[in-house]
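This report examines a single structure by topic. Please keep the sequence and the coordinates in view while reading.

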Amino acid sequence: MALTLLRGIRTPTLFRRNAGLFFTTIHPPLSSFTTRAESAQATESKAAPKSIQLATKEAAEHKKQGFEAVIGIETHVQLSTVTKAFCSCPYNYGSQPNSTVCPTCMGHPGTLPVLNAKVVECAVKLGLALNCEISMTSKFDRKQYFYPDLPKGYQISQFDIPIAKEGYLDLDLPVEFGGGHRRFGVTRVHIEEDAGKLLHSESGSYSQVDLNRAGVPLLEIVSEPDMRTGIEAAEYGAEIQRLVRYLGVSNGNMQEGSLRCDVNVSVRPVGQSKFGTKVEIKNMNSFSAINRAIDYEISRQIVLHKEGQADQIVQETRLWDESSQKTFTMRKKEGLADYRYFPEPDLPEVVLTSDYIDEIHKSMPELPEAKRRRYENMGLSMQDVLFLANDDNVARFFDSTLEHGADAKLAANWIMGDIAAYLKNEKLSIDEIKLTPLELSELIASIKNGTISGKIGKEILIELIAKGGTVKSVIEEKDLVQIADPAAIEAMVDQALADNPKQLEQYRAGKTKLQGFFAGQVMKASKGKANPVLLNKILGEKLNANS
Amino acid sequence: MPPPLQAQRLLLSHRRLAPSHRRLFTVVSSLPSAPTLATGAVPSSILSIRESLLSGERTAADITADYLSRLRRTEPSVRSFIHVADAAAEREAEELDRRIATGGREAVGPLAGVIFGVKDNLCTANMPSTGGSRILDGYRPAYDATAVRRLREADAIVVGKTNLDEFGMGSTTEGSGFQVTTNPWDDSRVPGGSSGGSASAVSARQCVVSLGSDTGGSVRQPASFCGVVGLKPTYGRVSRFGLMAYASSLVVVGCFGSSVIDTATILSVIAGHDKMDSTSSSHYVPDYKSELIPQDLLESKPLNGTRIGIIQETLGEGVETGVISSIKAAASHLEQLGSVVEEVSLPSFCLGLPAYYILASSEASSNLSRYDGIRYGRQISADDLNELYGGSRANSLGHEVKMRILMGTYALSAGYYDAYYKRAQQVRTLVKKSFNEALERYDILVSPAAPSAAYKIGEKINDPLAMYAGDIMTVNVNLAGLPALVVLCGFVEGGSAGLPVGLQMIGSPFSERASYDAAVNRLCLPDGFEASRIKFQDRFHGVY
Ligand SMILES: [Zn+2]
């Protein structure tokens with residue numbers, strides 16, 4: 001029935017004429033991105049004007065100019081529950097418009113919301129992960145406004161009693177941005193439902209409504225205005241993404257809109273306690289874009305301050321434009337929007353028990369911050385710590401390798417070196433390769449106990465990553481066991497000396513750097529299996545013996 | 001916001017006149033001579049339909065034809081129905097007869113052959129459901145409201161959709177976007193509202209029972225005006241799924257019947273938790289009709305031990321004298337049946353009305369936002385999104401609905417919320433508290449169901465405050481979420497046969513049964529009733 005019910009809407013600017021329109025059959029563009037972590041660090045801002053290519057020294061630089069930026073973030077996380085928040089429709093990004101809708105999420109007369117218990121569980125999980133106080137009793141409210149993508153004319157949300165409040169988020173800034181530990185306050189986490197989407201026709205003459213997303217559960221996380229630079233804000237967003245992925249509550253994908261950050265930026269003279277006029281920025285679909293958009297906006301505001309035009313900074317919503325690397329006015333705010341919140345009479349209060357919260361607490365995995373501190377205590381560098389802890393899959397691989405007895409530093413080196421390079425080349429994630437943590441630990445052990453050389457190790461690694469199998473079988477199959485028998489090596493050395501009398505003569509005439517040449521010959525003859533230490537020792541003795 | 005303020009003033013003066021102390025109720029001397037009682041079994045249309053159907057005396061098709069022919073004869077003057085599903089009803093009846101013929105009495109549900117009307121703000125699958133509003137003209141839901149579904153599953157037959165004030169906002173059914181329903185007792189008068197169509201349909205025997213909804217008296221006041229039994233269950237007793245929302249925190253689905261036992265039978269079927277409505281209660285559902293056997297004799301004192309409180313504030317200024325004397329006579333009768341009857345004062349009683357109108361309008365302003373012409377319902381052609389919203393709503397919503405949306409929007413606006421919505425919620429808490437305290441002392445509280453009998457069509461149409469004031473007897477019960485039953489208890493002058501007056505019996509949450517016990521005994525009617533009844537039946541040319 002849903003299919004026959006959607007109709008056209010016409011508006012002056014967005015939509016104009018339409019000749020009897022129905023629901024759309026347009027396929028949304030297929031997503032061409034993976035769900036791996038969008039990197040805030042990767043600032044591919046070649047096109048960016050110099051003025052906004054500020055990085056870590058920013059805050060200090062602003063201060064030098066006599067100003068300080070204040071940044072707060074509202075993050076919307078779309079939960080990956082099987083069904084929507086208040087009805088039993090599924091939601092899958094990119095499915096046919098209006099194919100996952102029902103009378104309830106279409107706002108039909110007489111329908112009522114029924115809360116999906118999984119949503120509360122996700123909210124409590126994230127609330128705990130953000131070190132929040134969980135409300136034992138919270139309630140739902142209606143936020144009211146008219147828009148075609150909002151079927152009921154109100155959004156079910158939480159107004160004065162959010163499910164979680166007063167928490168904080170710890171993170172470590174990337175080393176290349178100067179590093180440093182930060183703690184940012186979290187004001188609140190509340191549950192709400194998403195709206196649908198408008199699809200505008202190419203001609204701009206009409207628009208269509210896709211309600212697949214209407215009623216999908218969201219958690220809105222409101223930060224304290226604790227951030228001072230673009231990179232801090234971007235890292236805050238990245239840490240939220242890590243958390244939701246660690247907790248399995250969302251895929252955190254920014255391009256699909258599963259994670260959306262709206263930032264508020266204001267600038268004030270250093271020493272002033274009152275906040276400057278804040279500007280909201282939207283439309284950033286990567287952490288790198290958040291970083292750049294904020295830094296651009298801060299520069300824009302500082303320039304206005306310095307030129308005595310601070311009054312030109314007005315409360316407004318600005319959009320980040322990726323192509324010009326600038327923010328543009330979307331709409332000026334005419335006073336505060338009045339959403340006429342009032343308690344949702346169709347839903348009872350959400351009452352939690354401490355047993356319920358304890359159960360959830362117990363079921364939670366180790367979170368990124370705890371992981372980073374643990375890795376740090378192993379003596380790993382912050383660079384290593386961030387690389388290993390920031391991706392749930394990498395961390396799991398690393399931890400599992402350690403559980404099989406591998407040395408932390410060696411395991412870290414392998415993962416960050418050869419494995420990371422391979423992943424980057426092949427555009428794979430660590431859980432997509434055939435190498436298992438057990439075999440990596442075996443590999444490390446085989447090198448350590450001298451069974452194979454480090455060089456052979458690298459070869460075996462590539463073999464294992466691509467084809468799988470065990471270290472042992474590859475060594476046997478390819479006969480790669482290191483030759484550590486002095487007699488065997490001595491024989492090979494003798495052979496090499498005998499085969500190259502000219503070079504031997506030159507060596508003995510004083511061209512001692514030819515030792516490398518002979519070592520190479522022996523290695524070649526041994527197919528790389530000769531123990532290099534033993535080889536060099538015996539070779540040295542032989543070369544210098546009869547001189 | 002002038003209307004609620006004025007209403008409050010009006011009620012405050014009323015309150016000042018009401019005596020504030022509690023005293024024993026002494027009416028015996030002021031009453032007409034003690035009524036003599038009619039005797040006999042409890043009349044139940046549902047039971048007699050079942051007996052005749054299962055004994056083979058009549059077929060479901062006969063019964064349906066009977067009701068349909070009466071409906072066709074009376075509908076031109078009563079106009080209870082917005083939509084009559086006669087063909088579907090006939091088909092369903094034939095199907096029932098086939099099942100009885102092949103499978104016997106076991107093959108059909110307990111309500112087989114029971115013809116019922118459905119207030120048009122309850123969704124019915126593949127049948128028009130307009131809520132009495134032009135904005136939903138032509139809308140056909142894909143689903144049955146839970147109450148409708150449960151009746152259908154018991155093999156009751158939907159005969160059509162009954163008229164109402166648009167989205168339930170009104171007390172006369174004149175606020176319908178489609179037609180004006182008349183009162184079967186006098187067709188120059190209103191049937192009450194907002195469930196006026198459902199009440200008049202049962203009163204005129206166009207159907208056996210009907211469903212209504214009660215937000216502030218929308219079942220009880222029309223039951224009183226039309227002289228039928230009307231039940232407003234406890235909030236949450238019946239699922240609201242499929243009921244077009246007007247004021248979600250106040251409304252409950254109720255029913256009408258020509259006897260107490262019929263409404264009890266319907267309640268047993270429609271009550272109970274529904275996973276589609278989180279506010280529906282999982283409180284145990286008893287068989288409300290079992291053991292509802294009246295004691296014929298006054299001497300047996302069937303209500304011995306029942307404590308009944310008459311709400312003092314409901315018998316003061318602004319209430320018709322004929323209504324007051326009918327209620328007092330009923331109280332005296334209840335006393336004679338063995339109960340202890342006292343007057344009780346509920347100090348917050350008069351605060352309820354303004355609080356009710358603020359809360360109901362606030363919720364309405366939100367609940368009606370979905371009628372925007374975008375996904376369903378009437379849409380006007382426009383060049384602009386705001387014009388589309390404004391035009392669709394302005395053209396299709398009625399005056400009263402617009403007024404309440406404006407009032408509610410105002411009450412919820414920033415800067416006014418505390419003074420109106422929040423304060424009204426505080427009053428609601430007070431009202432709840434005072435009712436609960438009184439119900440600790442009394443099993444049942446009684447009052448008139450309305451300050452007057454049915455008034456003339458058009459009489460209050462331009463005086464919304466007078467119309468709102470008529471809800472004084474009923475709104476508090478919704479604020480407190482309590483169950484209440486309205487039964488005929490007397491008549492006042494008017495029309496050709498007199499105009500019925502209803503007695504409201506209010507119980508504790510989920511104590512519907514207690515009201516039933518008292519009410520079923522009340523149905524042993526005094527002599528005077530029969531005369532009016534016969535005169536009324538004459539108007540319908542022996543259709544009873
Ligand atoms: Zn749905």
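## Helix H11 of chain A

In this predicted model, the buried residues of H11(A) are A:Pro437, A:Glu439, A:Leu440, A:Ser441, A:Leu443, A:Ile444 and A:Ser446. An α-helix has 3.6 residues a turn, so residues three or four places apart point the same way. The cover over the buried residues of H11(A) includes four helices of chain A: H9 (392–403), H10 (408–426), H12 (454–467) and H13 (471–478).

Helix H11 of chain A comprises 12 residues, 437–448, for which a rise of 1.5 Å a residue predicts a span of 16 Å. The C-alpha atoms at its ends lie 16 Å apart, in agreement with that expectation. Just after H11(A), A:Gly450 adopts a positive phi of about 85°.

## Chain A as a whole

Chain A contains 17 helices and 16 strands. Its length is 547 residues, of which 53% count as buried. Among contacts in chain A with a separation of 6 or more, 71% are between residues 24 or more positions apart. The exposed surface of chain A amounts to about 24,500 Å², with carbon and sulfur atoms supplying 53% of it.

## Interface between chains A and B

The size of an interface is often given as the accessible area lost when the parts come together. For chain A and chain B, the area buried between them is about 3,500 Å², and 53% of it is on carbon and sulfur atoms. Chain A contributes 40 residues to the contact and chain B contributes 48 residues.

Polar contact between chain A and chain B involves 17 residue pairs, both members being at pLDDT 80 or more. The two chains are also linked by one salt bridge. This salt bridge pairs A:Asp346 with B:Arg240, whose closest N and O atoms are 3.0 Å apart. On the side of chain A that touches chain B, strand E4 (141–144) and strand E15 (342–343) of chain A each supply at least two residues.

## Backbone features of chain B

The loop between strand E3 (157–162) and helix H6 (196–203) of chain B holds B:Ser194, which is joined to B:Gly193 by a cis peptide bond with omega of about 5°. B:Thr173 lies in the loop between E3 and H6 of chain B. Although not a glycine, B:Thr173 has a positive phi of about 70°; its relative accessible area is 0%, so it is buried.

B:Phe510, in the loop between strand E11 (499–506) and helix H16 (512–522) of chain B, is not a glycine yet has a positive phi of about 65°. Its relative accessibility is 24%, so B:Phe510 counts as partly exposed.

Terms used. Residues are numbered from 1 along each chain as its sequence is written. Chains are lettered from A and ligands numbered from 1 in the order in which they are written. This is a predicted model: local features need pLDDT of at least 70, side-chain atom pairs count only at pLDDT 80 or more; totals for chains, interfaces and linings use all residues. Side-chain values use heavy atoms; hydrogens and water are left out. Buried means under 20% relative accessible area, exposed over 50%, partly exposed in between (1.4 Å probe, protein chains only). Contact means heavy atoms within 4.5 Å. Accessible areas come from the Shrake-Rupley method with a 1.4 Å probe; for residues, only the protein chains shown count as cover. The expected span of a helix is 1.5 Å times one less than its number of residues. Buried area is the accessible area (1.4 Å probe) that two parts lose on being put together, summed over both. A salt bridge is a side-chain nitrogen of Lys or Arg within 4 Å of a carboxyl oxygen of Asp or Glu. A polar contact is a pair of N or O atoms within 3.5 Å; within protein, one must be able to donate a hydrogen and the other to accept it, and residues adjacent in sequence count only if both atoms are side-chain atoms.
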